[in-house]
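Please prepare a short briefing on two sheets and one serine of the structure below.

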Amino acid sequence: MLLLRCHLKRALPQKVSCRFCAVMGKLQSKFKHSTYKYSRPDGFIEEKIQTKAFQEYSPAHVDTVSVVAALNSDLCVSGGKDKIACIYKSSQFFSASRDKMVMMWDLQSSSQPRQQFSGHTMVVTGLTVSPDSSQLCTGSRDNTLLLWDVGTGQCAERASVSRNLVTHLCWVPREPYILQTSEDKTIRLWDRRGLQVAHTFPTQQHIQTYCEVSEDGHKCVSCSSGFEGEGCEATLWDLRQTRSRICEYRGHFQTVASCIFLPRALASMPAIATSSHDCKVKIWNQDTGACLFTLSLDGSGPLTSLAVADTISLLCTSYQLFGSKEILLTKGLGVVGVSGKVLLLLLLSRFSRVPLCATP
């Protein structure tokens, strides 16, 4: 696995420096005529602008980038065919891979892992850190969840459910619960005290690929696989009392790989962002399910992961290179950086000015 550490700044254009990785090349900025496509509530728009607006440099990754996470507003970590979980406001993070291992890293120390966690018998496909950073929960295709003591590296609890092929894990803030999605089309809520299933949400029609919990711990959002518009949705759930479905977000045409809650500083209403294998990032009104904005990244290949970088930007990863590697900053929602296969920085500083109505 190659690790990418990026400095993310708000002023544009910016140099994105990479440390703690195996390969990094030269930064180039060029003037070009670039066509950038995006859709808004008032319809599809295509603009052609001449501007110095993109950053191009040699790939830090040599294969698929499947995940990205922000350590803070200045640093992000991206991984190949891996999973990543960061310790909030820290230089430490965890990575999980096909080698069945979980490793703990510290960017302020050596390039070697600080701690290793071994206990799964198949690829590790989910991991999450407790809010106080004392515990780590991991999940695998071996149908098991393991709860670890971060300080000692010892496994404290183990649980197994038949056919529970874990796809993602997320710790619920201020609660002893862990949310989990699975290839068995089920979303489970685990109680870390004894690692028991506390609640099972209604079985969905398609594989559940990802989940995230709101900052207040009151709601969660999950997303599903699908094809040609069948499935391909994100779903908002209540986590407090009824634990029922609140809203669905439909509009993608292929598997939705990632779904996140956007910071309230970004918009005048609660909003959710999704990324999909259909090369689109969509912004949704959390309460009504209306699609507020669609960013089409044609040629990017499946968009695999989203992460909030700060209050004005998102990070997004993809399987493939853009054919031209031309990234253009535009009004409202734009792209400002590209690295290898592909790490994108999506600028959202004007999102709050987007008219609040649905787009097809």
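The points below cover the source, the two sheets and the serine.

This is a predicted model, in which local features need pLDDT of at least 70, side-chain atom pairs count only at pLDDT 80 or more, and totals for chains, interfaces and linings use all residues. Residues are numbered from 1 along each chain as its sequence is written, and side-chain values use heavy atoms, with hydrogens and water left out.

**Sheet β7-β8-β9-β10**
- In this open sheet, 4 strands (DSSP runs of E, at least two residues, numbered from the N terminus) follow the order β7-β8-β9-β10 with antiparallel pairing; two strands pair if DSSP finds at least two bridges between them.
- Its edge strands, β7 (83-86) and β10 (115-118), each pair on one side only.
- Strands β8 (residues 92-96) and β9 (residues 101-106) run antiparallel and are joined by 5 bridges.
- F93 has W105 in β9 as its bridge partner.

**Sheet β11-β12-β13-β14**
- Another open sheet has 4 strands in the order β11-β12-β13-β14, and the pairing is antiparallel.
- Here β11 (124-129) and β14 (155-160) are the edge strands, each pairing on one side only.
- β12 is joined by 5 bridges to the antiparallel strand β13 (residues 144-149).
- Opposite C137 stands L147 in β13.

**Residue S140**
- S140 lies in strand β12 (residues 135-140).
- S140 counts as buried because its relative accessibility is 0%; buried means under 20% relative accessible area (1.4 Å probe, protein chains only).
- The S140 side chain reaches the backbone oxygen of V123 at 2.8 Å.
- Not counting residues up to four places away in sequence, S140 touches (heavy atoms within 4.5 Å) H120, M122, V123, V124, T125, N164, L165 and V166.

Terms used: Buried means under 20% relative accessible area, exposed over 50%, partly exposed in between (1.4 Å probe, protein chains only). A polar contact is a pair of N or O atoms within 3.5 Å; within protein, one must be able to donate a hydrogen and the other to accept it, and residues adjacent in sequence count only if both atoms are side-chain atoms.
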